[in-house]
Number of protein chains: 2
Amino acid sequence: MTRTVVALSGGVGGAKLALGLARVVPEGTLSVIANTGDDFRHLGLAVSPDIDTLVYTLSGLADPVQGWGRRDETWHFMAALAQLGENTWFRLGDADLAMHVARTRRLAAGESLSQFTAQCCRNLGIATRILPMTDDPVRTLVRTDTGWLDFQDYFVREKCVPAVRELAYPGAEAAHALPEAIAALSDPDLRAVIICPSNPYLSIDPILAIPALRAALKRCPAPIVAISPIIAGRAIKGPTAKLMAELGLVPGASEVALHYAQIIDVLVVDEIDAGLELPGVRTVSARTLMTTLEDREQLAEAVLAAADEFSFHHSQDRLP
Amino acid sequence: MTRTVVALSGGVGGAKLALGLARVVPEGTLSVIANTGDDFRHLGLAVSPDIDTLVYTLSGLADPVQGWGRRDETWHFMAALAQLGENTWFRLGDADLAMHVARTRRLAAGESLSQFTAQCCRNLGIATRILPMTDDPVRTLVRTDTGWLDFQDYFVREKCVPAVRELAYPGAEAAHALPEAIAALSDPDLRAVIICPSNPYLSIDPILAIPALRAALKRCPAPIVAISPIIAGRAIKGPTAKLMAELGLVPGASEVALHYAQIIDVLVVDEIDAGLELPGVRTVSARTLMTTLEDREQLAEAVLAAADEFSFHHSQDRLP
């Protein structure tokens, strides 16, 4: 029996743990359901930031410093684009551009995003399955004091400066979950579902906003383990803590626990937060800051151990 | 009175003389009508090879060795594209790619090719006007023994190896000539029209195949001077001589003279061909091989002198 693992992931932070998981489970047994709410058209090109970060991270092509984009990237395209008076707020590296041009061409030729992504994984030697949450369009929108912004306008162009009042995921309600994602969540040999330490509101909620995916998680027999992206009230990277405060929430693992309470079985918090009382959810602590490759593997092991432990107790409960 | 000059040009060979002309006439008085029969969609991107060669040559950005593309170009996009299993027979450099992405975006946004090209010239500091022959689609097709090929398939993918039996320019008959091109050819202060030493069949004939442009040339009061791209029966570059032989023509300046006889007033042939008898057209010889920048300027001067001399004799003829 080959046991499988499913991860839900956004971009950089999630991809780090996905890589750790991919390295500690048997090859080809990990599926990552990727957020596509950040996807957008830029310069006419179909850009899928979270999928690309996963593809580059899992293939070893990722830039090790910034975590997104490709290592040893060059920027001659952007310099020439600036000469032509085009927008340059979204940086597309020369090699990275191949991904967007290829994706745009294949989508126009009638391929689905998931087909293109699977082909990418084959071409780049990635054994992990990277599954877009849906092939339908879903957008993450952010309401600021000056109105609604597309996610990338908020995240990249405005550098997360505007205060966020509300989030919306238009398209999610009507989106068809990727059948492979539903199948992966229904696998009788599923060992665990891992909600990566991505931004709960910007990266994970768009996935959970797709009714069929949320329902598949609810009925999933395997333990669901989330990792708090907040350590001692602060985000490891990105706007999570700032966003929580702007939404009227207290940035901290408690709020993350509350947010995921209806979905998860276990929350993994950082060692620093080990003493926190988190009512309503089983809590395990581990070192969650992933600086080195070993950190990622160790967190992956800890998360899977937490899932296995939950399964063990859960099966004990069921004993007559 | 500012006298103007119009050139008709394809890619590399034509752009060399266009640069020479731009350097010897007063700034901003040269218009180049560019062949767009080579234009095509590649990887979903709108590519205009002859316009781009003119833009890069006239802005000083061109690769001085190959004559097309940009100097100091890098190829990381192509390498990444190959990793993704995409076609790589048409080489797009990293910086060059900005041109195609920008053009594709602006065409999709409703701009015309001529508007985009004019904007490029402004952005890159080109005083010469580069005028696409039309904003309508015209294709150059090549019939080989295995059937019709799109121009770039023949020229780049097949490297001009298949024997050519016939040429066609679908779209040309119905295409609207660019109004600015017609206006330039009708300018009362027009000093000369120069048909650059481009391939007559692949680069100039698509321009002449547009009825309004051919008519404007016929009624043009200024002298029309062509430069033979064939020297001593051989092409300086590219498939001109091979193509002529395949079409049953004897590669040589005589055949070029015959080809242009109904349009031009003067044919400039190379010094080596100075002794040739070319019935039906006035002939002038000059050094037509353009290796250095000085060569280009000298040929430009010689061509304009030939036009001026023709104008002088022509005005003498008209004296009572």
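Q: Is the crossing in which helix 4 of chain A passes helix 3 of chain B left-handed or right-handed?
A: This is a predicted model, in which local features need pLDDT of at least 70, side-chain atom pairs count only at pLDDT 80 or more, and totals for chains, interfaces and linings use all residues. Residues are numbered from 1 along each chain as its sequence is written, while chains are lettered from A and ligands numbered from 1 in the order written. Helices are DSSP runs (H or I, at least four residues), numbered from the N terminus. Helix 4 of chain A passes helix 3 of chain B in a crossing (clockwise turn of the near helix from the far one, by less than a right angle) that is right-handed.

Q: At what angle do these two helices pack?
A: Helix 4 of chain A covers residues 96-108, and helix 3 of chain B covers residues 76-83. Their axes lie 7 Å apart, and the angle is about 55 degrees.

Q: Which residues of helix 3 of chain B make the contact with helix 4 of chain A?
A: Two residues are in contact if their C-beta atoms, placed from the backbone, lie within 7 Å. Helix 4 of chain A brings L97(A), A98(A) and A102(A). Facing them, helix 3 of chain B brings F77(B), A80(B) and L81(B).

Q: Which helix of chain B gives the largest share of the side that touches chain A?
A: Looking at the two chains as a whole, 26 residues of chain B are in contact with 26 residues of chain A. Helix 3, helix 4 (96-108) and helix 5 (113-123) of chain B each supply at least two residues of that side of chain B. The largest share, eight residues, comes from helix 4 of chain B.

Methods. Axes fitted to C-alpha atoms, helices over the stretch in contact; angles between N-to-C directions.
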